[in-house]
Amino acid sequence: MKNITTIALLVSTRKGAWIFRSDPMRTTWAVDGPHFLGHIISHLVLDPRDKTTLLAAAKTGHLGPTIFRSTDWGATWQEAAQPPAFAQAPEGETGRAVDHTFWLSPAHRNEPDAWYAGTSPQGLFRSTDGGVTWAAFSSVNDDPQYRAWMGSEKDGTPDGPKLHSIIVDPRDPAHLYFGMSGGGVHESLDGGQTWRLLITGMNVVEGFGFDAANPAFHDPHCLRLCPSNPDRLYQQNHCGIYRLDRPAETWVRIGKNMPEEVGDIGFTMTVHPRDDQTAWVFPMDGTQVWPRTSPDGKPAVYATHDGGDTWQRQDAGMPKEQAWWTVKRQAMCCDSHDPLGLYFGTTSGELWMSRDEGQNWECMARHLPEIYALEAVVI
């Protein structure tokens, strides 16, 4: 297979998963799937350390929330012997149950077979055997302060609160980040033994009397670390687009530079693998009703090439009107070719691609289920 294709696009949807494969020209794509037809797949991820192992975060009708693992590119799958699960509550107390695993992240390249998982409701888990067994990681899941910041399981996003955007610093396996929706952004410098907040500069929803000092009111949607400069992070938040340049600890709202009629509300964000000045977002209608559609039914990607000082609309090839879909937080990504390919999947089941870094777009697949996540990998 490695002699046939160099790019794989891993597509996770509300009703299964698909794998699209192409050569570097990205002109034709072979389709493999569906895998897990009818089951919710929140995230399908390739292990970059062996470029063979796939993990799928699934919510199935008969097995409930679980993880599947494949070492042959999906020809066969094995269910995790012990998927992520919260500790049993003491007798007489009400415990928490994992509704679904939402996010999967491979650990550092020097930690083979180690993975992290974020769940809904918010929980942080780790596997050290390639995803076969999972255990609670750090004290986050049961810490009283974190539990207060997580809020009620009935609050938050329409499909449940999330722990997401688990990031490992490529220079240091002990340096970790994650986001909670809601609950803010958190950083560890000691491999998860302790965590600290990174919410300074982030806005909260106005008009409801929310205290910006309370992490419970902060809703990061997606965090991205720049591969070419791990000291720079970008964030798409419920309340804007932000950038953070370490060692600073104050987020700068670069989304204020977006066109006023579009705004800077959305879910997803993608950064260039070789240029820390370049990133892409997919805005959605951020009016008070929050319809979660493209603004005015006119979808577009917006790109910055100067760290967020300016933004350019990229919609060539997209519908000009009456397109009322949007893109979820894990459903936009890029490959590593030059010029790189950009991809996004919509809530209406369309898969879009650009071969020239967003200048031109084409729809490469239609009529899929609602797309939850995309990952592009070179193999």
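**Strands, a pocket and a few odd bonds**

Reader: Hi! Let's start with E16 and E17: how many residues sit between them in the hairpin?
Author: Hello! E16 and E17 form a hairpin with 2 residues between them. Please keep in mind that this is a predicted model.

Reader: Noted. How many bridges join E16 to E17, then?
Author: There are 6 bridges between E16 and E17, and the two run antiparallel. As an example of this pairing, leucine 223 has glutamine 235 in E17 as its bridge partner.

Reader: And what comes after E17 on the other side, which hairpin joins it to E18?
Author: Another hairpin, in which 2 residues link E17 to E18. Those two strands are also antiparallel, with 6 bridges joining them. Within that pair, glutamine 236 faces isoleucine 241 of E18.

Reader: Is E17 largely enclosed or open to the outside, and why?
Author: Strand E17 covers residues 229-237, and 7 of its 9 residues are buried, so the rest of the structure largely encloses it.

Reader: Nice. Changing topic: which strands make up the open sheet with E1 in it?
Author: That sheet has 4 strands in the order E3-E2-E1-E28, with antiparallel pairing. The edges are taken by strand E3 (30-35) and strand E28 (371-378); each has a single partner strand, so one side of each has no neighbour in the sheet. On average, neighbouring strands of this sheet are turned by 15° against each other, ignoring direction.

Reader: How many bridges do E1 and E2 share?
Author: Strand E1 (residues 7-13) and strand E2 (residues 16-22) pair over 7 bridges, in the antiparallel sense. In that pair, isoleucine 7 stands across from serine 22 of E2.

Reader: What about the loop after E2, what is the phi of arginine 26?
Author: Phi of arginine 26 is near 60°, which is positive although the residue is not glycine. Most residues other than glycine have a negative phi. Arginine 26 sits in the loop between E2 and E3.

Reader: Is arginine 26 buried or exposed?
Author: Buried: the relative accessible area of arginine 26 is 5%, and the cut-off is under 20%.

Reader: Where does serine 165 lie, and what is its phi?
Author: Serine 165 belongs to strand E12, and its phi is near 50°, again positive in a residue other than glycine. Serine 165 is buried too, with a relative accessible area of 0%.

Reader: How many residues of E12 are buried?
Author: 7 of the 7, so E12 is largely enclosed by the rest of the structure.

Reader: In what order do the strands of the sheet with E12 run?
Author: The order is E12-E13-E14-E15, an open sheet of 4 strands with antiparallel pairing. E12 and strand E15 (196-197) are at the edges with a single partner strand each, so one side of each lacks a neighbour in the sheet. E12 is joined to strand E13 (residues 176-181) by 5 bridges, and histidine 164 stands opposite glycine 179 of E13. E13 in turn has 5 bridges to strand E14 (residues 184-188), where glycine 184 is the bridge partner of methionine 180.

Reader: Let's talk pockets. How much space lies in the largest pocket?
Author: About 1,400 Å³. It is lined by 37 residues, and the closest to its centre are Pro48, Pro106, Leu225, Pro227 and Glu375.

Reader: Which strand gives the most to that lining?
Author: E28, with 5 residues. Strands that each supply at least two residues include E8, strand E12 (162-168) and strand E16 (220-226). By type, the lining divides into 23 nonpolar, 6 polar and 8 charged residues.

Reader: Which residue does a cis peptide bond join to arginine 246?
Author: Proline 247, with omega about 10°. Proline 247 is in the loop between strand E18 (240-245) and strand E19 (252-253). The bond from aspartate 338 to proline 339 is also cis, with omega near 0°, and proline 339 lies in the loop between E24 and strand E25 (342-345).

Reader: One last thing: what does alanine 80 touch?
Author: Leaving out residues up to four places away in sequence, alanine 80 touches Thr66, Ile67, Gly131, Val132 and Trp134. Alanine 80 is in the loop between strand E7 (78-79) and strand E8 (100-106), and it counts as buried at 7% relative accessibility. Its C-alpha atom is 6.8 Å from that of threonine 66, 14 residues apart along the chain.

Note on methods: Residues are numbered from 1 along each chain as its sequence is written. This is a predicted model: local features need pLDDT of at least 70, side-chain atom pairs count only at pLDDT 80 or more; totals for chains, interfaces and linings use all residues. Side-chain values use heavy atoms; hydrogens and water are left out. Buried means under 20% relative accessible area, exposed over 50%, partly exposed in between (1.4 Å probe, protein chains only). Contact means heavy atoms within 4.5 Å. Two strands pair if DSSP finds at least two bridges between them. Axes are lines fitted to C-alpha atoms, for helices over the stretch in contact, and angles run from 0 to 180 degrees between N-to-C directions. On a 1 Å grid over the protein atoms alone, a cavity is a set of points where a 1.4 Å probe fits but cannot get out, and a pocket is an open set with protein on both sides within 12 Å along at least five of seven lines; lining residues have an atom within 4 Å of a point. Grid points are joined across faces, edges and corners, and a volume is the space filled by probe spheres set on the points. Ala, Val, Leu, Ile, Met, Phe, Trp, Tyr, Cys and Pro count as nonpolar, Asp, Glu, Lys and Arg as charged, and the others, Gly among them, as polar.
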